Amino acid sequence: MNKRVNRLAFKAQVEQRHEANPLLKMPGDAALVHRGVLRSLVMACPDGCGELLTINLDARSGKAWRTYGSHEELSLFPSVWRQTGCKSHFILWRSKIYWCDWDDELDTPMADVVELVRGRLSNELVPYVEIADALQLVPWAVLSACYQLIRKGLAQEGKSDLRGHFRRAESLG
Ligand SMILES: [Zn+2]
């Protein structure tokens, strides 16, 4: 029953949305629509439900996702959460798909990225996306680094409304 895939399969960059349709056959197949600027990412829903998802990337036409990286290593922020149909909820980071409802763990970023994030943490709770912007990193890399730092006792996450906000762990000394 379950045909979920864990990877985006980049097929092509096209100018018109409809040109993408025949290219997307398998779950996770994707095409970028680029006309002057990036317009959207069209993908065959990676859970295998057969629907095509159109993810808006152009802030001029409403709520838009941010993209990072290139065709073969594409990241989207924030996560994609379908409100209708299959209700899929996933994170795309470096063309890898992490299923939120399966609690897939984000890969650990490189040690130097973890160090950069660590150096950026202060005594105030800051949203990880803010840290990512300051460091020009993909937010998922920062989020993963923050979790890594928590496991090492070097960072803390806020509670309830401040989830996703991180600060340096208080020294017990
Ligand atoms: Zn689906």
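## Burial and overall layout

A residue counts as buried if 20 or more other C-beta atoms lie within 10 Å of its own, exposed if 12 or fewer, and partly exposed in between, with C-beta atoms placed from the backbone. By that yardstick, buried residues make up 27% of the 173 residues in the protein chain. This is a predicted model, where local features need pLDDT of at least 70, side-chain atom pairs count only at pLDDT 80 or more, and totals for chains, interfaces and linings use all residues. Numbering starts from 1 along each chain, following the sequence as written.

The C-alpha trace spans about 60 × 40 × 30 Å along its principal axes. In the protein chain there are four helices and 12 strands, taken as DSSP runs numbered from the N terminus (helices are H or I, at least four residues; strands are E, at least two). Contacts here mean C-beta atoms, placed from the backbone, within 7 Å. Among contacts between residues at least 6 apart in sequence, 37% join residues at least 24 apart.

## Two domains

The domain assignment splits off domain 1 (9–101) and domain 2 (111–168); such bounds come from an automatic or database assignment. Taken over C-alpha atoms, the centres of domain 1 and domain 2 are 26 Å apart.

## The core

Now for the greasy part. A nonpolar core is a set of buried Ala, Val, Leu, Ile, Met, Phe, Trp, Tyr and Cys residues joined through C-beta atoms within 7 Å. The largest one here has 34 residues, and those with the most contacts inside it are Val42, Met43, Leu92, Val117, Val142 and Cys146. At least two core residues come from each of β2 (29–35), β3 (37–44), β8 (89–93), α2 (111–120), α3 (128–135) and α4 (139–151). The most generous donor is α4, with seven residues. Both domain 1 (9–101) and domain 2 (111–168) give residues to this core, so it lies between them.

Take Val142: leaving out residues up to four places away in sequence, Val142 touches Val117, Tyr128, Ile131, Ala132 and Leu137.

## A four-stranded sheet

Strands pair if DSSP finds at least two bridges between them. Four strands make an open sheet in the order β1-β2-β3-β4, with mixed pairing. At the edges sit β1 (9–14) and β4 (52–56), each pairing on one side only. From one strand to the next, the twist averages 20 degrees (axes are lines fitted to C-alpha atoms, for helices over the stretch in contact, with angles from 0 to 180 degrees between N-to-C directions).

The strands β3 and β4 run antiparallel and are joined by five bridges. Val42 stands opposite Thr54 in β4, and Val42 is also among the core residues with the most contacts.

Methods: Contact = placed C-beta atoms within 7 Å.
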